[in-house]
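Me: Could you take a close look at one part of this protein with me? I would enjoy a connected walk through it.

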Amino acid sequence: MLKTFALEEFAPVPEERGPLAAPPAGALDAAAQARLDRLYEALKRRAAHMLGYPTNFDFDYRELERFFAFSMNNVGDPFEDTLYSVNTHEFEREAIDFFAQLYHIQKPNYWGYVTQGGTEGNMYGLYLAREVCPNGVVYFSEDTHYSVMKIVHVLNLKHIVVRSQKNGEMDYGDFADMLRLNRDKPVIALANIGTTMKGAVDDLGKIRQALHDNAIHHSYIHCDAALFGMTLPFIKDAPAFDFAAGADSIAVSGHKFIGMPTPSGVVIAKRHNVERVKAAIEYIGASDTTIAGSRNGLSSLMLWRAIQALGRKGFEAQVKACLNMADYALARLAEIGWPAWVNPYSNIVVLDRPPREIIRKWQLAVKDDFAHLIMMPHVSKAKIDAFMRDLRRVCPAPEPMPRRSAA
Ligand SMILES: Cc1ncc(COP(=O)(O)O)c(C=O)c1O
């Protein structure tokens, strides 16, 4: 019979090079070193001019530098033992627990993992939806992030693009019309909890009402909460998108509102659905429940650290500051008559498309005739003021334009 040993029973392995040994001397020549120096300076400059993408640059994980000495790989299911144990599963689980509490689902009814970003979380949610609703049709609005179209192709899912309202929110009338035409098929609804460009939030109550009105009993709702998954829970009276409100899975990005040097995300789903797609893989001695095989152990550690350091109160204060900054940016734009507006509960300021030099310098995402500024924790009044000075310089005497609203 196989005897199992506790780790302490093994003799320590003598190490020729400690895990923290310095790299071999002379690893980089002067030219390569100079290139790194130039890159560093360029990144510093570019990061200082980031106004258009939902990435928070206000973070500090230097305390975790010593962990660079390990190849931390969170391969496998974070809720199970794996043979590869140089991992941070314990910290990953605690990060998941934080989001589960935020999204109102109790232990042991949820399962989740730290992904490589919002796209992987959406892919996991739609993969699960496909297994739960075979032959289901995915519905999402035309304002949905481009990753979702890619995902439905990869997963070979039938899909219907629903019209959006002008503010970027799903057109629920069009959604109901589409449902009526396909009543024989299970429904997989992808709700945008903050659209990429306009920061619009799809209403889970209205989506569920349309399902009910059309007597659709077999359905699944996945929430793409890439950015707002970390803002709405901290805003009083903000629309609910959590499990209590009807979500079956939720994906959120880690590098967006929380901020970190590498992309990451979290996906959370109902455990009983996950159990249906679980497969055991002997090679890693674990259940292969995640989309990625090898997974970044450092990002779980960084998420955990941010959660420990800030907690709910800290995040709440950051969100409040971002919403105030959106008001400030709106007021500054109004001073020069530059058309701009913000959806309720949003930190995304939508504005008429500025000239190309401004778009490039401030790294603004653009679509058709508009662009946006995203108020993340690193955005200060000084940054908005600098942006406004540039805008004024390039457009010294803008024609006063009528203020436009989303409605
Ligand atoms: C609404 C939305 N969903 C999904 C994504 C994709 O997230 P990621 O870039 O983390 O994969 C984004 C990215 O901006 C987004 O805005």
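What phi does His104 take, just after H2? Please tell me about that helix and what surrounds it.

Reply: Happy to! Keep in mind that this is a predicted model. Just after H2, His104 takes a positive phi of about 55 degrees.

The helix itself covers residues 89-102. Its 14 residues should span 20 Å at 1.5 Å a residue, and the end C-alpha atoms are 20 Å apart, so the expected and modelled spans agree. The buried residues of H2 are His89, Glu92, Ala95, Ile96, Asp97, Phe98, Phe99, Ala100 and Leu102. Their cover includes strands S1 (110-115), S6 (249-253) and S7 (265-270), along with helix H8.

Phe99 leads us into the largest nonpolar core, which has 91 residues. Phe99 is among the members that touch the most others, as are Leu333 and Phe387. H8 supplies the largest share of this core, 15 residues, and at least three residues come from each of domain 1 (69-309) and domain 2 (312-392). Beyond its neighbours within four places in sequence, Phe387 is in contact with Leu333, Leu351 and Leu373, among others. Apart from this core lies another one of 23 residues, including Cys133 and Val267.

Following H8 (residues 297-335) onward, we find that helix lying across S10, S11 and S13, at about 15 degrees to S11. These strands belong to an open antiparallel sheet ordered S10-S11-S13-S12, with S10 and S12 at the edges. Within the sheet, S11 and S13 pair over 5 bridges, and Val350 has His372 of S13 as its bridge partner.

Definitions and conventions: Residues numbered from 1 in each chain as written. Predicted model: local features only at pLDDT ≥ 70, side-chain atom pairs only at ≥ 80, totals over all residues. Heavy atoms only, no water. Pairing = 2+ DSSP bridges. Helix = DSSP H or I, 4+ residues; strand = E, 2+ residues; numbered from the N terminus. Contact = heavy atoms within 4.5 Å. Axes fitted to C-alpha atoms, helices over the stretch in contact; angles between N-to-C directions. Expected span 1.5 Å × (residues − 1). Buried < 20%, exposed > 50% of the residue type's maximum accessible area, 1.4 Å probe, protein only. Core = buried A, V, L, I, M, F, W, Y, C linked by side-chain atoms within 4.5 Å. Domains from an automatic or database assignment.
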